[in-house]
Amino acid sequence: MTRKIADCRKHPSVTNCSLTIAGEEEEVVRAATEHAVSVHEHTDSPELREQIRASLEDEKVDA
């Protein structure tokens, strides 16, 4: 299974957040949503979770 990554550096924020979260897709969506709510003051909603899910990238693995 390919791990997914959510990288705050790819999204502008007033805090210049540098957090990267990696893991299985559902784990990353859950953790990234909690981070967006607690740190970036977003509201937890299905729309936020879908935006996060759409922004996930596959983890690049060195061969």
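**A three-stranded sheet, strand by strand**

Let me begin with the pairing of strand E1, residues 4-7, with strand E2, which run antiparallel to one another and are joined by four bridges; strands here, like helices, are DSSP runs numbered from the N terminus, with at least two residues of type E for a strand and at least four of type H or I for a helix, and two strands count as paired if DSSP finds at least two bridges between them. Before going on, I should say that this is a predicted model, in which local features need pLDDT of at least 70 and side-chain atom pairs count only at pLDDT 80 or more, while totals for chains, interfaces and linings use all residues. Residues are numbered from 1 along each chain as its sequence is written, and side-chain values use heavy atoms, with hydrogens and water left out.

Staying with E1 and E2, the bridge partner of Ala6 is Ile21 in E2, that of Asp7 is Thr20, and Ile5 stands opposite Ala22. Ile5 also stands opposite Glu57 in E3, and E1 and E3, again antiparallel, are joined by two bridges.

What order do the three strands take in the open sheet? The order is E2-E1-E3, with antiparallel pairing. Strand E2 (20-23) and strand E3 (57-58) each have a single partner strand and stand at the edges, so one side of each is left without a neighbour in the sheet.

Now to the faces of these strands. In E1, Lys4 and Ala6 point one way and Ile5 and Asp7 the other way, and all are buried, where buried means under 20% relative accessible area, exposed over 50%, and partly exposed in between, with a 1.4 Å probe and protein chains only. E2, by contrast, has a covered face formed by Ile21 and Gly23 and an uncovered one with Thr20 and Ala22.

Stepping back to the whole protein, there are two helices and three strands, in the order β-β-α-α-β from the N terminus on. Buried residues make up 29% of the 63 residues. Of the contacts (heavy atoms within 4.5 Å) with a separation of 6 or more, 40% are between residues 24 or more positions apart.

As for overall dimensions, the C-alpha atoms fill a box of roughly 40 × 25 × 15 Å along the principal axes. The radius of gyration, taken over C-alpha atoms, is 12 Å, which agrees with the value near 11 Å for a compact globule of 63 residues, the globule rule being 2.2 Å times the number of residues to the power 0.38.
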